Amino acid sequence: MTSNKTLLVVGSGPGIGRAVTTLFASKRYNNIALIARRAESLATEKAAVEQGVGSQVRIETYAVDVTDSAALLKAVDDADAALGKPECVFFNAARVVPSAFFEHDVKEIEYDFKITVSALYVLAQRYIPHLVSLAKADSSAKPALIVTSSALPLEPIPELFALSLVKAAQRTLVQSLNLAFAPQGVHIGVINVAGPVSPDDPVRNPANIAARTWEWAEAGKDFEVVI
Ligand SMILES: NC(=O)c1ccc[n+]([C@@H]2O[C@H](COP(=O)([O-])OP(=O)(O)OC[C@H]3O[C@@H](n4cnc5c(N)ncnc54)[C@H](OP(=O)(O)O)[C@@H]3O)[C@@H](O)[C@H]2O)c1
């Protein structure tokens, strides 16, 4: 493992979040910052990653709702001070709730937009300049912004129209960032998890999603990996 590499995980949870965090920690990152809303769930995630990779990994947790931009920026200030600025930002926060026409309140759409797009934009504003500097300063660095996505931007589901539309907006944001900053050495792209995740699914299980994500991130070239 390379020393002093920090992974920032935004949207830490027991599924894709835990599997990607554990694998990335075992492969490269010895400092991990975990962000999610619930402190008790973060404690579980921290313990699970430590169990997976051992105590040589330092993990700090920050309980914030990413829709609160000020709280999010305070959390990443604290994470940077404790662990150093990240080499890899993994954005995995989302809310998967049904949104039936026309019972779904517009405020719910706006909340999903804040999780999926606004918080990602705030983090990009903060970290892309740092990741570009890292790419210039250190040829062995692998500066990256990785975002968990799905097939919904390209194949919306009416019963999930709210998630479909914010994921479409998010994909456009990530594509735009990729066009602007991949030429400057930052790997920016999406994991397109193109169906429901289940531990029993032969392909879309968290361990396989993490393994495919690691291979794709290691190659550091393509915008998208479809799983
Ligand atoms: N699960 C699926 O079937 C599936 C399929 C295709 C794509 N995806 C995508 O995969 C990603 C998530 O993976 P996952 O479903 O396996 O979940 P996960 O990694 O188990 O957990 C994601 C975590 O995000 C956190 N989160 C949600 N809203 C947040 C907020 N406002 N602020 C801070 N943290 C927040 C939640 O923790 P707290 O509740 O503690 O905040 C949740 O545990 C999402 O991008 C989702 O769209 C999932």
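The side chain of Ser-99 lies 3.1 Å from the backbone nitrogen of Phe-161. A polar atom of that Ser-99 side chain is also 3.0 Å from the backbone nitrogen of Ala-162. These values come from a predicted model. Ser-99 sits in the loop that joins strand 4 (88–91) to helix 4. With a relative accessible area of 0%, Ser-99 is buried, because the cut-off for that class is under 20%.

The loop between strand 4 and helix 4 also holds Phe-102. The peptide bond leading from Phe-101 to Phe-102 is cis, and its omega is near -10°. Most peptide bonds are trans.

**The ligand and its shell**

The ligand occupies the largest pocket. Helix 1 (16–27), helix 4 (106–137) and strand 5 (144–150) are the elements that each give two or more residues to the shell around the ligand. Strand 5 supplies the largest share of that shell, three residues.

In total, 26 residues surround the ligand, and the closest are Gly-15, Ile-16, Gly-17, Arg-37 and Asn-92. By residue class, the shell is made up of 12 nonpolar, 10 polar and four charged residues.

Polar contacts to oxygen atoms of the ligand include those in the table.

| Residue | Protein atom | Distance to a ligand oxygen atom |
|---|---|---|
| Gly-17 | backbone N or O | 2.7 Å |
| Arg-38 | side-chain N or O | 2.9 Å |
| Thr-148 | backbone N or O | 3.2 Å |

On its own, the ligand has 890 Å² of accessible area, and the protein covers 87% of this. Gly-17, one of the closest residues of the shell, makes its contact through a backbone N or O atom. Thr-148 likewise uses a backbone N or O atom, whereas Arg-38 reaches a ligand oxygen with an N or O atom of its side chain.

**Helix 2**

Two residues of helix 2 can be set side by side. Val-49 is part of helix 2, which spans residues 39–53, and Glu-40 is placed in helix 2 as well. Which of the two classes, buried or exposed, applies to Val-49? Val-49 has 1% relative accessibility and therefore counts as buried, the limit being under 20%. Glu-40 has 56% relative accessibility, so Glu-40 counts as exposed, a class that begins over 50%.

Distances between C-alpha atoms place these two residues relative to other parts of the chain. Glu-40 and Ala-63 are 23 residues apart along the chain, and their C-alpha atoms are separated by 9.0 Å. For Val-49 and Leu-165, with their positions 116 residues apart in the numbering, the C-alpha separation is 32 Å.

**The loop before helix 6**

Where does Asp-200 lie? Asp-200 belongs to the loop between strand 6 (187–193) and helix 6 (206–219). Its relative accessibility is 71%, and Asp-200 is classed as exposed because this value is over 50%. The C-alpha atom of Asp-200 is 30 Å from that of Glu-60, a residue 140 positions away along the chain.

**Burial of the residues described**

Ser-99, in a loop, is buried at 0% relative accessible area, and Val-49, in a helix, is buried at 1%. Asp-200, in a loop, is exposed at 71%, and Glu-40, in a helix, is exposed at 56%.

Methods. Residues numbered from 1 in each chain as written. Predicted model: local features only at pLDDT ≥ 70, side-chain atom pairs only at ≥ 80, totals over all residues. Heavy atoms only, no water. Helix = DSSP H or I, 4+ residues; strand = E, 2+ residues; numbered from the N terminus. Buried < 20%, exposed > 50% of the residue type's maximum accessible area, 1.4 Å probe, protein only. Near = heavy atom within 4 Å. Polar contact = N/O pair within 3.5 Å; in protein donor to acceptor, adjacent residues only side chain to side chain. Areas by Shrake-Rupley, 256 points an atom, 1.4 Å probe, with all protein chains shown as cover. 1 Å grid on protein atoms, 1.4 Å probe; cavity = no way out; pocket = protein on both sides within 12 Å on 5 of 7 lines; lining within 4 Å. Sits in = over half its atoms within 2 Å of the grid points. Nonpolar A, V, L, I, M, F, W, Y, C, P; charged D, E, K, R; others polar.
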